[in-house]
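Q: Please walk me through one helix of this model in detail, and then go on to the ligand and what surrounds it. I'd enjoy a connected account rather than a list.

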Amino acid sequence: MPDTATALDHDALRRKYAEERDKRLRADGLGQYIRLESEFADLATDPYIPITPRDPVTDHVTFAFIGGGFSGLVVGARLKEAGIEDFRIIEKGGDFGGTWYWNRYPGAQCDTASMIYMPLLEETGHMPSEKYAHAPEIREHCSRIGKQYGLYENALFHTQVTGLAWDETRKLWVVTTNRGDEFTAKYVGMATGPLHVAKLPGLPGIESFKAKSFHTSRWDYAYTGGDPEGAPMTKLADKRVAIIGTGATAVQCVPHLARSAKELFVFQRTPSSVDERNNAPLDPDWFAQVSEPGWQKKWQENFVGNLGGGFAAEDLVQDGWTDLGKRIRNEIMALPMEERTPDKIMAAFEGADNEKMEEIRQRAERIVRDPEAGQKLKAWYRQLCKRPCFHDQYLQAFNEPGVALVDTDGQGVERITENGVVANGVEYPVDCIVYASGFEVGTDYSSRAGFELTGRGGETVSEHWKDGMRTLHGLQLYGFPNAFIVQHTQAANLIANVPHNIVDHADTVAAIVSEAERRGAATVEPTAEAEKRWVDLLLTGFGSRFGDTTCTPGYYNNEGEGLGKEAQLNVGHPAGPLGYFSHIAAWRASGTFEGLDFGG
Ligand code: NDP
């Protein structure tokens, strides 16, 4: 279909999107993937820091937190500020960082502006070096937080929790790990990461490949040369390399592979939408001017406001996210008041989305010199069907000599042989396969966490959530005293800048724990009624836009199958993220802790 004709032809676009989606749909859904750990045991170890033996720990701490990513660090910081000294993080990696510990692939970078993405910038006094910081700086920032708040002293690295069970007699949590630890904690928190279990396509022959292969989250610099800081991967100069996958990770590392490898084959099933990035160094003089007390919260709230939750007068962040939010809002505001019906609002939303996606498609055609590749790199779906990508070298990489796009027309790679990759019936012999195939989403929560949280009376979190998620504020569960799950569902929910929600949750955890300690309470948990009231309130909203089956398949919509009945509870505050933040700020400030039961 000619692009010019489709630009504003919404019906034609809808048909084209459905056609592309149908090509990509598969009967095996999530079953098409396998776990990295199960199939590639040698890749399940830590390639970055050697695992050293240590004695099991059998003591008691006031607060144990599972996961040493942003959440564990920020909750730790806030609890230390509140005077809780014996705070322990248990982390499967060899240092803090979570996703930023594991993802050291070349070009890894935050895709939300550093000013709002990197937590505790004000507290640490760190000025990000760039508008979108690269992974080494973010990992270093995690370490900075850990050092500043004394979180290293008590941490257990290279340790995976195997059980977390409430002991009603002692009113304590018992934490067991794969290192033989068995210790107790008055409070527990967990943030095991929404995207931390690496997955591989379950391709026939995947184990038969004789040369080198690895997943992007276990990058093997010993093989490729180079380093996470971006030094050239000189050892690839004589290598034919395949990369499977073209999601947000591939978009960031393909330009580096394109520069280093003798030949690079990019195997594409669904193109990403890749808009401009416009990264730039931050100017210390400018930063000094904007960083008045309270600046980071103000910036975070301004970003949410511009994304659609409010009517911010100015746009501090100014990027592709806020641009989309403003376009949608402007289309809606252009409707006369009496025409602002739900249908017309959704149509305005679609109009803004189509316009933006058309610009992104034209960008691919403009940048990529090979006209066929330029067409194949066009994304045919609505922008929020997949993670929007922003990059100023990805599309350009297809202009490098030796780089080939192998588009599979929605079918994906067929199989792996001893020598290479087969797609479209053609074998591509290669020296190295990089799997940019993503992470598990949509599988069972406890299976991904690797352990069960077992509350009062032996009820597990899986049982508590068998008909869907139930929490108070997305943070606490009835029947699970002194436990906190730091994540954004049933809180700010579909927020583009997740750390904003993490920092806010940390404030809530610190407020609740401080209050429990002040009262000398042994336990604190939501009442069953408060949990129910919260879920009922959330269900008065528009429902979840996540899981839209009209979208191209992917982890956003459970591979096109939709999210099922239980997922209808995966919603946020009816007034959006800003509504949630203002509710919870008022709740904290009231000092009444309505809905919580503080026990003897
Ligand atoms: P994704 O799940 O987004 O991408 C996996 C890729 O592998 C897709 O392109 C998928 O195709 C492809 N794939 C899977 N099986 C096959 C097959 N058989 N043949 C060919 N291709 C196949 O994983 P990512 O690691 O790229 O990103 C995961 C998430 O991590 C992002 O959505 C984002 O939330 C986050 N992220 C954030 C970054 C940041 O800057 N902050 C950077 C990188 C990631 P298909 O699309 O058809 O399924």
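A: Happily! In this predicted model, the buried residues of helix H13 are Gly320, Trp321, Thr322, Leu324, Gly325, Arg327, Ile328, Arg329 and Ile332. You will notice that Arg327 and Arg329 are among them. H13 itself runs over residues 320-333, 14 residues in total. From first C-alpha to last it reaches 20 Å, close to the 20 Å expected at 1.5 Å a residue. Look also at the start of H13, where Asp319 places a side-chain oxygen within 3.1 Å of the backbone nitrogen of Trp321; Trp321 is also one of the buried residues just named.

Now for the ligand. There are 27 residues around the ligand, and those that come nearest are Arg24, Gln109, Thr249, Thr270 and Tyr555. By class, this shell holds 12 nonpolar, 10 polar and 5 charged residues. Helix H10, residues 248-260, gives the most to the shell, with 3 residues. Two domains each supply at least three residues: domain 1 (10-32 + 198-277 + 347-435) and domain 2 (60-197 + 441-525).

Some polar contacts are worth finding on screen. An N or O atom in the side chain of Lys386 is 2.8 Å from an oxygen atom of the ligand. With Val413, a polar backbone atom is 2.9 Å from a ligand nitrogen, while a polar backbone atom of Ala436 is 3.3 Å from a ligand oxygen. As for cover, the ligand taken alone exposes 910 Å², and the protein buries 91% of that.

Terms used. Residues are numbered from 1 along each chain as its sequence is written. This is a predicted model: local features need pLDDT of at least 70, side-chain atom pairs count only at pLDDT 80 or more; totals for chains, interfaces and linings use all residues. Side-chain values use heavy atoms; hydrogens and water are left out. Helices (H or I, at least four residues) and strands (E, at least two) are DSSP runs, numbered from the N terminus. The expected span of a helix is 1.5 Å times one less than its number of residues. Buried means under 20% relative accessible area, exposed over 50%, partly exposed in between (1.4 Å probe, protein chains only). A polar contact is a pair of N or O atoms within 3.5 Å; within protein, one must be able to donate a hydrogen and the other to accept it, and residues adjacent in sequence count only if both atoms are side-chain atoms. A residue is near a molecule or strand if one of its heavy atoms lies within 4 Å of it. Accessible areas come from the Shrake-Rupley method with a 1.4 Å probe; for residues, only the protein chains shown count as cover. Ala, Val, Leu, Ile, Met, Phe, Trp, Tyr, Cys and Pro count as nonpolar, Asp, Glu, Lys and Arg as charged, and the others, Gly among them, as polar. Domain bounds come from an automatic or database domain assignment.
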